[in-house]
Structures are given as C-alpha cells and as structure tokens.
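Let's take a walk through this fold and see who pairs with whom. Have the sequence and the viewer open as you read.

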Amino acid sequence: MFSVEVRDRIMIAHSLPDPFFGPAQNMHGATFVVDVAFFRPELTKQNVVVDIGAALDVLKAVLQPLAYRNLDDLPQFAGILTTTEFLAKYIFDAVAKAAREGALGEDGTGLARIRVTLHETDLARASFEGAVG
C-alpha cells in the first residue's frame, strides 16, 4: 500500500467536563500537530498517491473553522467531550468527505484509506483510520 502524508497544526481551547479528566476538566489550550495520511494500493498514472498541494489545501480548509476557537462555544460540539481521539475522527470525516466530493481531484477518488493523527505533545498522540467510502 502506498501512502502520502501531509501536516498542519491547530491551536484550540476547550474543557473536558468529566471527573475522568482531572485538571483537564477546566478550560485549557492545546496545540495539535495534525498529520493526514492518504493510502492507495496502486499509484496514479502520474505515479503519485494524491496531489500533495491539494491534500495540504484540504487539510487547511478542514482545520480553519476550528483554529483559535474555543471548541466549547461551537454548536457542533455542544455536549461532546472534544478529546484528541474524538477530534481525530471529526477531522477524518471532513477530509474523507472532501475526497469523495472531488476536492483532491481525480486522485482522491481512488484512495483506499485515510489516517488522521493528532499529536497532543511529543509524548502523546491519537489517530483515527478508516476507508474513504
């Protein structure tokens, strides 16, 4: 399986109001390094997995509405614990939708899988990986 991975970062604020999260129950900030890997079994006729520029553009567009925002204030996250794992799936869903809708060009239609990894620190990260379709 071939893969290409692109990276961006995002700064957010949020709280995780459940005793399970100890001090993270309180409002705090996070800077996530976000990696998105695109997988396909065969290269395109141009011998690529996906256009890297298009992949970077899609990732930037997906992250932009969350950047420098308090996730607790966004209606799509009302009542949701916006953990790193949850955000990995949320970003995956948006990137996969963009791929299905043609934002990655023809290359995106032949993708088999996408993996989104959020690096919370240099010591901890969470991922979600799934089929594009």
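What follows is a short tour of a predicted model, going from charged pairs to helix packing and then to a few single residues.

## Charged pairs

How many salt bridges does a search of the whole structure find? It turns up six. As background, side chains of opposite charge can pair when their charged atoms come close.

Take Asp35 and Arg7: this salt bridge has its closest N and O atoms 2.6 Å apart. The pair ties together distant parts of the chain, with Asp35 sitting in strand 2 (residues 28–40) and Arg7 in strand 1 (residues 2–14), 28 residues apart. Is Asp35 buried or exposed? Asp35 has a relative accessibility of 5%, so it counts as buried, the cut-off being under 20%.

## Salt bridges around helix 2

Helix 2 covers residues 84–100 and holds both partners of another pair, Lys89 and Asp93. They are four residues apart, about one turn of the helix, and their closest N and O atoms are 2.9 Å apart in the salt bridge. Lys89, at 32% relative accessibility, counts as partly exposed, and so does Asp93, at 34%.

Further along the chain, Glu101 makes a salt bridge with Lys97, and here the closest N and O atoms are 3.5 Å apart. Glu101 has a relative accessible area of 58%, which makes this residue exposed, because the cut-off for exposed is over 50%. Its partner Lys97 comes in at 44% and therefore counts as partly exposed.

## A charged network

Not every charged residue here sticks to a simple pair. Which residues are linked in a network of salt bridges? The members are Glu5, Arg113, Arg115 and Glu129.

## How helix 1 meets helix 2

Now for the helices. Helix 1 spans residues 52–63, and its axis comes within 10 Å of the axis of helix 2, the two crossing at roughly 130°. That angle is neither over 145 degrees nor in the 65 to 115 range, so helix 1 and helix 2 are oblique to each other. The crossing of helix 1 past helix 2 is right-handed.

Which residues make the contact? On the helix 1 side they are Val58, Leu59, Val62 and Leu63, and on the helix 2 side Ile91, Ala94, Val95 and Ala98. Sorted by character, the residues of this contact come out as eight nonpolar, no polar and no charged.

## Two buried residues

Ile10 lies in strand 1 and has a relative accessibility of 4%, so it counts as buried. What is Ile10 in contact with, leaving aside neighbours within four places in sequence? The list is Ala30, Thr31, Phe32, Val34, Leu63, Leu66 and Ala67. Of these, Leu63 also belongs to the helix 1 contact described above. Ile10 and Leu63 are 53 residues apart in sequence, yet their C-alpha atoms are 6.8 Å apart in space.

Phe92 is found in helix 2 and counts as buried, with 5% relative accessibility. Not counting residues up to four places away in sequence, Phe92 touches Ile114, Val116, Phe128, Gly130 and Ala131. Phe92 and Phe38 are 54 residues apart along the chain, and 11 Å separates their C-alpha atoms.

## Loop residues

Leu81 sits in the loop between strand 3 (69–70) and helix 2. At 32% relative accessibility, Leu81 counts as partly exposed. Once neighbours within four places in sequence are set aside, its contacts are Leu16, Pro17, Asp18, Phe21 and Phe86. From Leu81 to Gln25 the C-alpha distance is 9.9 Å, with their positions 56 residues apart in sequence.

Two other loop residues have a backbone angle to look at. Asn47 is not a glycine, but has a positive phi of about 60°; you'll find Asn47 in the loop between strand 2 and helix 1. Tyr68 is not a glycine either, and its phi is positive at about 60°; its loop runs between helix 1 and strand 3. Are they buried or exposed? Asn47 is exposed, with a relative accessible area of 58%, and Tyr68, at 69% relative accessibility, counts as exposed too.

Conventions. Residues are numbered from 1 along each chain as its sequence is written. This is a predicted model: local features need pLDDT of at least 70, side-chain atom pairs count only at pLDDT 80 or more; totals for chains, interfaces and linings use all residues. Side-chain values use heavy atoms; hydrogens and water are left out. A salt bridge is a side-chain nitrogen of Lys or Arg within 4 Å of a carboxyl oxygen of Asp or Glu. Buried means under 20% relative accessible area, exposed over 50%, partly exposed in between (1.4 Å probe, protein chains only). Axes are lines fitted to C-alpha atoms, for helices over the stretch in contact, and angles run from 0 to 180 degrees between N-to-C directions. Angles under 35 degrees count as roughly parallel, over 145 as roughly antiparallel, 65 to 115 as roughly perpendicular and the rest as oblique. A crossing is left-handed if the near helix is turned anticlockwise from the far one by less than a right angle, and right-handed if clockwise. Contact means heavy atoms within 4.5 Å. Ala, Val, Leu, Ile, Met, Phe, Trp, Tyr, Cys and Pro count as nonpolar, Asp, Glu, Lys and Arg as charged, and the others, Gly among them, as polar.
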